[in-house]
Amino acid sequence: MRHLIDILDLTIEEIDQLIETAEDIMANPAKYAHVCDGKKLATLFFEPSTRTRLSFEAAMMELGGNVLGFSEASSSSASKGESVCDTVQVVGCYADIIAMRHPKEGAPVAAASVCPVPIINAGDGGHNHPTQTLTDLLTIRKEKGRLNQLVIGLCGDLQFGRTVHSLINAMSRYKSIRFVLISPNELKVPEYIKENMHRDKVSYMEVERLEDVIGTLDILYMTRVQRERFFNEADYVRLKDSYILDTEKMKMARKDLCVMHPLPRVNEISRAVDSDPRAAYFRQAMYGKYIREALIMKLLGVEA
Ligand code: NCD
């Protein structure tokens, strides 16, 4: 039985296969419409979500399966004090596979140690978000045609942004990747992620001003300042509008830039950018459903 806790649980070859399956699902949805007939996915969301939860649910429905679950901790027995390990042991009796989001870093590892069915980490605190990364890898392949030889700018809250952490770990395995880490001093990438980059001999630079580097990027990955992870509101208010990507800044960027964002967006991309063909973030959200279909099939061991 396989779980997906960290993006590095998957080899590059397995990721390639998932991308291939997702592309085939997009091209031939009817071929996959019944591969999960009779199977159930439980979505256990102890933290809010729109895209991740609903795309998992839509993915399972499109494969012919059913879904059950909860969308907030307050409507589960966590509110009575039940541990996450007890919850997944019980839900494992009702469902064939579980997607779980939790505010505590490491909760999915603890859950997986007792879970009788495959468990997918759908985001754990400020730590990891492997299925967003699968979505991002499919998006990069679709938009840029390759996963190597890229200059990737990551901008915003690089300290608490779990999507950034998983994406750096994933992209560090491809050839000729350079990261440009754009953040206020207070929201830099955590040391342990930098250590991974050093270990993998991946080139990166840290800067504060987006304007100084935007013209050098193949990909610009914008992120929201993660209000829920701040210790005090004043710091959030001071830092929340550190970066706003607008049409003026887009003029300084390359014609083939790909702008990504895991969403939700707050202020960090102005709405006027949405109509720029380089804005890929809504396409990115769409790709999320297909790659999750491919992942569910893989972990359940079903084929078309
Ligand atoms: C992200 C998350 O939950 O980490 N959203 C998502 O899953 N698409 C990013 C965020 O909340 O800022």
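K194 and E191 sit three residues apart in helix α7 (residues 191-199), so about one helical turn separates them; helices here are DSSP runs of H or I with at least four residues, strands are E runs of at least two, and both are numbered from the N terminus. The two side chains pair up in a salt bridge, with 3.5 Å between the closest N and O atoms. That term stands for a side-chain nitrogen of Lys or Arg within 4 Å of a carboxyl oxygen of Asp or Glu. K194 is buried at 8% relative accessible area, where buried means under 20%, exposed over 50% and partly exposed in between (1.4 Å probe, protein chains only).

Keep in mind that this is a predicted model: local features need pLDDT of at least 70, side-chain atom pairs count only at pLDDT 80 or more, and totals for chains, interfaces and linings use all residues. Residues are numbered from 1 along each chain as its sequence is written, and side-chain values use heavy atoms, with hydrogens and water left out.

**More salt bridges**

- Searching the whole structure turns up 25 salt bridges.
- Helix α2 has one between E57 and R53, where the closest N and O atoms are 3.5 Å apart.
- E57 and R53 are four residues apart in α2, so they too are separated by about one helical turn.
- Both ends of that pair are tucked away: E57 counts as buried at 13% relative accessibility, and R53 is buried with 17%.
- R199 pairs with D200, and here the closest N and O atoms are 3.0 Å apart.
- R199 counts as exposed at 53% relative accessibility, while D200, at 31%, is partly exposed.
- There's also a network of salt bridges, which links K144, D218, R254 and D256.

**Two domains and what lies between them**

- The chain splits into domain 1 (7-128 + 288-300) and domain 2 (130-284), with bounds taken from an automatic or database domain assignment.
- Their C-alpha centres lie 25 Å apart.
- Domain 1 puts 31 residues into the contact and domain 2 puts in 26, contact meaning heavy atoms within 4.5 Å.
- The size of an interface is often given as the accessible area lost when the parts come together.
- For this pair of domains, the buried area is about 2,400 Å², with 59% of it on carbon and sulfur atoms; the figure is the accessible area (1.4 Å probe) that the two parts lose on being put together, summed over both.
- Four salt bridges are counted between domain 1 and domain 2.
- R141 and D16 have side chains that meet in a salt bridge, at 3.8 Å from N to O.
- Across the interface, 10 residue pairs are in polar contact, both partners at pLDDT 80 or more.
- A polar contact is a pair of N or O atoms within 3.5 Å; within protein, one must be able to donate a hydrogen and the other to accept it, and residues adjacent in sequence count only if both atoms are side-chain atoms.
- On the side of domain 1 that touches domain 2, α1 (12-27), α2 (51-62), β3 (97-102), β4 (119-124) and α10 (281-300) each supply at least two residues.
- The largest share of that side comes from α1, with eight residues.
- By class, the same side of domain 1 has 14 nonpolar, 10 polar and seven charged residues.
- In that count, Ala, Val, Leu, Ile, Met, Phe, Trp, Tyr, Cys and Pro are nonpolar, Asp, Glu, Lys and Arg are charged, and the others, Gly among them, are polar.

**Three buried residues worth a click**

- N128 is in the loop between β4 and α5 (130-144), and at 4% relative accessible area N128 is buried.
- The side chains of N128 and D6 are joined by a polar contact of 3.3 Å.
- Not counting residues up to four places away in sequence, N128 touches I5, D6, N121, G123, R162, H165 and S166.
- T133 belongs to helix α5 and is buried, with a relative accessible area of 0%.
- Neighbours within four places in sequence aside, T133 is in contact with I7, T163, S166, L167 and A170.
- T133 and N169 are 36 residues apart along the chain, and their C-alpha atoms are separated by 9.4 Å.
- S76 is found in the loop between β2 (66-70) and α3 (84-91), and is buried at 9% relative accessible area.
- S76 touches F46 and F70, again not counting residues up to four places away in sequence.
- S76 and H34, 42 residues apart in sequence, are 30 Å apart in space, C-alpha to C-alpha.
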